[in-house]
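The paragraphs below lead through a structure, and they are best read with the sequence and the coordinates side by side. One detail of a loop comes at the start, followed by the overall arrangement.

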Amino acid sequence: MYPLLENLFAPLNSWYVAASSDEVTTTPLERWLLEQPVVFYRRSNGSVTALDGRCPHRHFPLAKGRVVDDNLQCGYHGLTFAPDGRCIHVPSQPFAPAACNIAAHPVVDDGTWVWIWPGDPARADVRLVPNTAAEGFRTSVRAYRHVRGRYMLLHDNLLDLTHLEYLHAGGIGSTGAADVLEHRTQGEDWVKSEREQVDTPCPPHFAALFGYSGPVTRRFGMTCHVPALHVGYDEFSGPSGTLGRFRVCHAITPGRKCEAHYFVTAARDFALDNQDLTAGMHNALGKTLDEDVAAAEAIEQMITSLREEPRDVLVRGDATCVRGRRLFESMIRRESANL
Amino acid sequence: MYPLLENLFAPLNSWYVAASSDEVTTTPLERWLLEQPVVFYRRSNGSVTALDGRCPHRHFPLAKGRVVDDNLQCGYHGLTFAPDGRCIHVPSQPFAPAACNIAAHPVVDDGTWVWIWPGDPARADVRLVPNTAAEGFRTSVRAYRHVRGRYMLLHDNLLDLTHLEYLHAGGIGSTGAADVLEHRTQGEDWVKSEREQVDTPCPPHFAALFGYSGPVTRRFGMTCHVPALHVGYDEFSGPSGTLGRFRVCHAITPGRKCEAHYFVTAARDFALDNQDLTAGMHNALGKTLDEDVAAAEAIEQMITSLREEPRDVLVRGDATCVRGRRLFESMIRRESANL
Amino acid sequence: MYPLLENLFAPLNSWYVAASSDEVTTTPLERWLLEQPVVFYRRSNGSVTALDGRCPHRHFPLAKGRVVDDNLQCGYHGLTFAPDGRCIHVPSQPFAPAACNIAAHPVVDDGTWVWIWPGDPARADVRLVPNTAAEGFRTSVRAYRHVRGRYMLLHDNLLDLTHLEYLHAGGIGSTGAADVLEHRTQGEDWVKSEREQVDTPCPPHFAALFGYSGPVTRRFGMTCHVPALHVGYDEFSGPSGTLGRFRVCHAITPGRKCEAHYFVTAARDFALDNQDLTAGMHNALGKTLDEDVAAAEAIEQMITSLREEPRDVLVRGDATCVRGRRLFESMIRRESANL
């Protein structure tokens, strides 16, 4: 399975979600992204800085240092770095050598998430940062999970929505979701999968949100924007018309080796000020993510406990997944060829 | 030390204890055996099914699925397997491909233990399942320990009973047990070691069981049925005749890498309905097993903490152990030659 | 960074601190030193014995055995070892083979610490055991830390005292300590670094000890006696003369792979019987060590989490550290050449 192979790790020249906006303050935050430590802090003008998280002098984690006049001072021997990564002070000597400079990573704070470009800074284009907002929808729930499993397992999960009926039975899953026709569309760096279920029982989590448990028509789909984001929609209507529409953004970022970060926001376009509904969505999203994360971690444990990594068998439900994996693979190969 | 070497792991074409009979219900149970995941469940007719524990589609642990009409449904995408391992349903497509079939392992449930044949099913012969019952004895105590040490350490332990005096001092061990003559007999796949101690102090655990602390004659021995079972006896008599006889079956099954499963039953042939005696045996067996397991785990930790695995030095007390190890080695080599 | 490389581990032919004197009793104590298990016990005449911590028969940790007549009996099968490492009893046979002998290590108990010579016993010279006492000083505080980091990180820490101002800010660190001139002297197996700060604010920990928070002159330095000991001094004077002098001995001993033992004593030459002062020193030393250990462990984690071990960048403050590392390297190379 290609993107699981170690020699094809992940695309670097792309925007990834690194943190929730409210996580980044004037107190440095460490996060391992794409198998490298990164330190984040917020400057006095409100902008976010992302630097290599390791002091080049003695490998001390820079997140254990402190921010002084918008610069980051190492907590071990006081080497100090400007927001652009230049070392501007070495306490024991009058000048700061260029060998002490560290990388600064392009970042964008969209108010919900802080995005990072872990690859070549010269190729970072802020216009490529995905716009996760949508007309008429308001994000009411956010969640984060640290996952002890390789990031591709989370993509695989979202690229094959036939898991809803089984992994999320009794929650957001509809009986028969795997039986209806899948409609697939594809672009250069995305693949979209859509389904419609007519006259199907309303899944328990949604029945609780709508206060309606009769039959529904459900239209749902997911677009995988390779390599960092999935945007899904879920629309329900009953005999008296539309019950509600949801929009969920799933950002997946590789972390330490065989670990990943999973950021999710969920929005709705109805009863926007209903706090009970927001609490219900929070509850439903949390349970669903816990099931997804448990699956990824169980598979990671299975794979690593076996003597050798197994090959998987592909079935018809994997058609979208196969296309998604190929997009990952070709993106990684293109990057390697350019270097 | 041969059976500790990684390239000579363990015999596969043999019956091993996989679980206690009462552990296997209609709720799937996962157990790693011989470094492979296996899932067990009980069918409506009471028989036990053992299948590969990993879904071939996405490596999800099948034990997290559920039993539907005596078949096992994967909890991730719903692939369903019959008790013979055939995949009978893939939700996204009308047929189930043979590539999705998984291995089913021969099993025998003897009412106490569920035995599994992890090797070639065609060679499994239910007549070879050891009969652990014995005329006049009733099993009153059962125990299970999960051991964080390679399985051979548990065999080594039972193949050299001179450890009783030291590891089990103050418990089941007799002073001087290592000094008396050892009587050894051997067959094609077993080795038996027997000792007799005349006029020796009754060991504390047994003194408590008999309510008698005077001198005893103790006859004890252990038969190692390579590769999965040891059957031991322990007989005490005092000035007024026989005090009691015990029979202990020790089943050892390799688990995950450098881990093992240890199942034990203890039977007696006297005062069969005395509940206090049963409670006393339960207590004595538990303490003894804890000492044995602690020894195996301490050695495992010692071996793996050293820069390289050490060789051990053999002494006279190891004569039976050496024979046992050779039986393991030749059994493993015969299997390799046949493949 | 040389001493961090695995193929240049540590000098063996030297005295290292193995334990506090009061840790070694008639109950065996296991400690891993220089990546080998060692077992310590005290004989009836009060002297300390140090033997290989692993029984050669079955690798059982000898520290789980017991001392019988000043000899050490293995807790598994009863093999017994004299204080010189000779095996003197194997229960199953009338003689004890030389193959069962184990190494005995030269040790010296100086009343505070037990020193061990892990290398060639023939080269051990008790006259080389460092004398950690000093005229006019009394040791009032001792501490021990088990460090989950390679031992060289602790040496690096003490070889570069510019860390005081940053890692120990708000504690024992003086502002500006990195800015004053460093005076360095060096011998065949030691390097000494000294600094003087005139008219500097008294660091918080010392202000609390002296009950004086005005400006001070601080003279401090550290001598690294390669490979096992650092001896530091710290002298404070105010407008009315000397406030107090301290002397701190830091013993660093490699333990298991990438783990180290850190033993510290702190002495003062004033108000020797003031218990409040002793309690204050205890508190200050504990907090300081916790900061040092946290730094070493953070760096160890950083190094091992990265895909490959990073090179560090040297700055002027590392001049003493570089000399110290070279002393380690040449000592290790000399030892290898002699073997």
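C:Pro227 lies in the loop that runs between strand 14 (215-225) and strand 15 (229-238) of chain C. Strands here are DSSP runs of E with at least two residues, helices are runs of H or I with at least four, and both are numbered from the N terminus. The peptide bond between C:Val226 and C:Pro227 is cis, with omega about 10°. In chain A, a cis bond likewise links A:Val226 to A:Pro227, with omega about 10°. A:Pro227 is located in the loop between strand 14 (215-225) and strand 15 (229-238) of chain A.

The model is a predicted one, in which local features need pLDDT of at least 70 and side-chain atom pairs count only at pLDDT 80 or more, while totals for chains, interfaces and linings use all residues. Residues are numbered from 1 along each chain as its sequence is written, and chains are lettered from A and ligands numbered from 1 in the order in which they are written. For chain A the mean pLDDT (the predictor's confidence in each residue, from 0 to 100) is 94, and 98% of the residues reach 70 or more. The scores of the model are ipTM 0.94 and pTM 0.94. Where pLDDT is low, predicted coordinates should not be read in detail.

The strands around the loop can be followed in chain B. Strand 14 (residues 215-225) and strand 15 (residues 229-238) of chain B run antiparallel and are joined by nine bridges; two strands count as paired if DSSP finds at least two bridges between them. The connection from strand 14 to strand 15 of chain B is a hairpin of three residues. B:His225 has B:Leu229 in strand 15 of chain B as its bridge partner. B:Leu229 is also bridged to B:Ala251, which belongs to strand 16 of chain B. Strand 15 of chain B pairs with strand 16 (residues 241-254) of chain B over 10 bridges, again in the antiparallel sense, and two residues lie between these strands in a hairpin. Beyond strand 16, the loop that leads to strand 17 (260-268) of chain B holds B:Cys258. The phi angle of B:Cys258 is near 60°, a positive value in a residue other than glycine.

Chain A can be read as two parts: domain 1 (8-128) and domain 2 (138-338), with bounds from an automatic or database domain assignment. Their centres, taken over C-alpha atoms, are 31 Å apart. Between these domains of chain A, 17 residues of domain 1 are in contact with 18 residues of domain 2, where contact requires C-beta atoms, placed from the backbone, to lie within 7 Å. On the side of domain 1 of chain A that touches domain 2 of chain A, strand 1 and strand 2 (29-33) of chain A each supply at least two residues. The largest share of that side, four residues, comes from strand 1 of chain A. By class, the same side of domain 1 of chain A has 12 nonpolar residues, four polar and one charged. Here Ala, Val, Leu, Ile, Met, Phe, Trp, Tyr, Cys and Pro count as nonpolar, Asp, Glu, Lys and Arg as charged, and the others, Gly among them, as polar.

Strand 1 of chain A also takes part in an open sheet of three strands, in the order 1-10-9 (chain A) and with antiparallel pairing. Strand 1 (16-20) and strand 9 (107-109) of chain A are the edge strands, each pairing on one side only. From one strand to the next the twist averages 25°, with axes as lines fitted to C-alpha atoms, for helices over the stretch in contact, and angles from 0 to 180 degrees between N-to-C directions. Four bridges connect strand 1 of chain A with strand 10 (residues 113-116) of chain A. A:Tyr16 is placed opposite A:Ile116 of strand 10 of chain A.

How are the chains arranged? Chain A is superposed on chain C by a rotation of 120° with 0.1 Å of shift along its axis, at an RMSD of 0.0 Å, by least squares on the C-alpha atoms of residues with pLDDT of at least 70 in both copies. The two copies are therefore related as by a three-fold rotation axis. A:Thr304 has the C-alpha of chain A nearest the axis, 11 Å from it. A turn of 120° and a shift of 0.1 Å along the axis lay chain B on chain A, with an RMSD of 0.0 Å.

At the interface of chain A with chain C, 22 residues of chain A are in contact with 22 residues of chain C. The side of chain A that touches chain C consists of 10 nonpolar, seven polar and five charged residues.

Notes: Contact = placed C-beta atoms within 7 Å.
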